[in-house]
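User: I am new to this structure and would love a guided close look at a single part of it. Could you pick one strand, walk me through it, and then show me how it sits in the rest of the chain?

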Amino acid sequence: MSDARFAAGLRESRRGRWKRMAIGFLAAVALAALVWLVFFSRVLAVSSVAIDGESTLKESQIRTAASVRGGQPLARLDTEAIEGRVASLKRVQDVSVARSWPHTVTITVLERKAVAWMSIGGTIRGLDRYGVDFRTYPSPPKRLIEVKVVVVGSRERQQTLGAVASVVRLIETKDPALRRRVQLVSASSKDSIELDLTSGRTVMWGSRAEPTRKLSVLRPLLRIKASRYDVSAPDQPTTKK
């Protein structure tokens, strides 16, 4: 190979190397610009908050609890922290926070729904399907079943409320006819749930176990004239006149 051809090849090799370096440099600059644009600039910053799913709560209450700071880059938004703050609202059962590019934070809430009520210190409180008391009523709501729980320990009390609420929910959704007869659901523990029916009748339901089985056994059992019905052991139901 002649010296001229060797020199030409060397120059071409250098040009290729410089070209690759230039492309790499430009790519790095573009990436840095993109990172700055998304994570640090105000071009894609938070400018609005959208609320969805609220029914009894006001949008202003959710916005205040969420405490979303406007002007911060949307990509750096701490969605988990916002969810935690909104979830602290008693009436919120579940919440999700999402980025809606380019400038919006969307907060979607699922509010608790009352399935029963109970008197706590003279205040009428609504219970959700998990036994959580989450709202106050000015008077006993006619559409809800009253609940009475006599349990001292906080953990045992909440477990009992959860068991009672699940039974109430079952009756409401699976047996409207029985629901119309139930006047009160009481319990001294999570395993001793009782239903007070019209005409002075009572049902010993027991624990929350085998709920569908107990319901199917109770339906024909109520045709028997009695003052007390026991389906706590559904395979061995009893009645007492």
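Analyst: Happy to help; here is a walk along one strand, followed by its surroundings.

Please keep in mind that this is a predicted model. To get your bearings, the chain has 241 residues, of which 37% count as buried. Six helices and twelve strands make up its secondary structure. Among the contacts with a separation of 6 or more, 47% join residues 24 or more positions apart.

Let us settle on strand 9, which covers residues 193–197. Its side chains alternate between two faces. Ile 193, Leu 195 and Leu 197 point to one face and are buried. Glu 194 and Asp 196 point to the other face and are not buried.

Now look to either side of the strand. Strand 8, residues 182–187, pairs with strand 9 in the antiparallel sense over five bridges. These two strands form a hairpin, with five residues between them. Within this pairing, Val 185 has Leu 195 as its bridge partner. Strand 10, residues 202–206, also pairs with strand 9 in the antiparallel sense, here over four bridges. There, Glu 194 stands opposite Met 204. Strand 9 and strand 10 form a hairpin too, with four residues between the strands, and in it Ser 199 takes a positive phi near 65°.

Leu 195 is a good residue to follow from here. Leaving aside neighbours within four places in sequence, Leu 195 is in contact with Val 167, Ile 171, Leu 184, Val 185, Arg 201, Thr 202, Val 203, Trp 205 and Leu 218. Leu 195 also belongs to the largest nonpolar core, which has 33 residues. The members of that core that touch the most other members are Val 147, Val 185, Leu 195, Trp 205 and Leu 218. Strand 9 is one of the elements that each supply at least two residues of this core, and the others include strand 4, strand 7, strand 8, strand 10 and helix 6. Helix 4 gives the most to this core, with eight residues. Another core, of 17 residues, lies apart from this one, and among its members are Leu 57, Ile 82, Val 105 and Ile 107.

For a view beyond the strand, turn to helix 2, residues 59–66, where the buried residues are Ile 62, Ala 65 and Ala 66. Seen down the axis of helix 2, these buried residues fall within an arc of 100°, so they line one face of the helix. Their cover includes strand 1 (48–52), helix 3 (79–87) and strand 3 (104–111). Just after helix 2 comes Ser 67, with a positive phi near 50°.

One last stop is Arg 125, found in strand 5, residues 123–127. Is Arg 125 buried or exposed? Its relative accessible area is 16%, and buried means under 20%, so Arg 125 counts as buried. The side chain of Arg 125 makes a polar contact, at 2.7 Å, with the side chain of Thr 136. Not counting residues up to four places away in sequence, Arg 125 touches several others, including Trp 117, Met 118, Phe 134 and Tyr 137.

Finally, on the outside, the accessible surface of the chain comes to about 14400 Å², and 54% of it belongs to carbon and sulfur atoms.

Technical notes. Residues are numbered from 1 along each chain as its sequence is written. This is a predicted model: local features need pLDDT of at least 70, side-chain atom pairs count only at pLDDT 80 or more; totals for chains, interfaces and linings use all residues. Side-chain values use heavy atoms; hydrogens and water are left out. Buried means under 20% relative accessible area, exposed over 50%, partly exposed in between (1.4 Å probe, protein chains only). Two strands pair if DSSP finds at least two bridges between them. The arc is that of the directions from the helix axis to the C-beta atoms. Contact means heavy atoms within 4.5 Å. A polar contact is a pair of N or O atoms within 3.5 Å; within protein, one must be able to donate a hydrogen and the other to accept it, and residues adjacent in sequence count only if both atoms are side-chain atoms. A nonpolar core is a set of buried Ala, Val, Leu, Ile, Met, Phe, Trp, Tyr and Cys residues joined through side-chain atoms within 4.5 Å. Accessible areas come from the Shrake-Rupley method with a 1.4 Å probe; for residues, only the protein chains shown count as cover.
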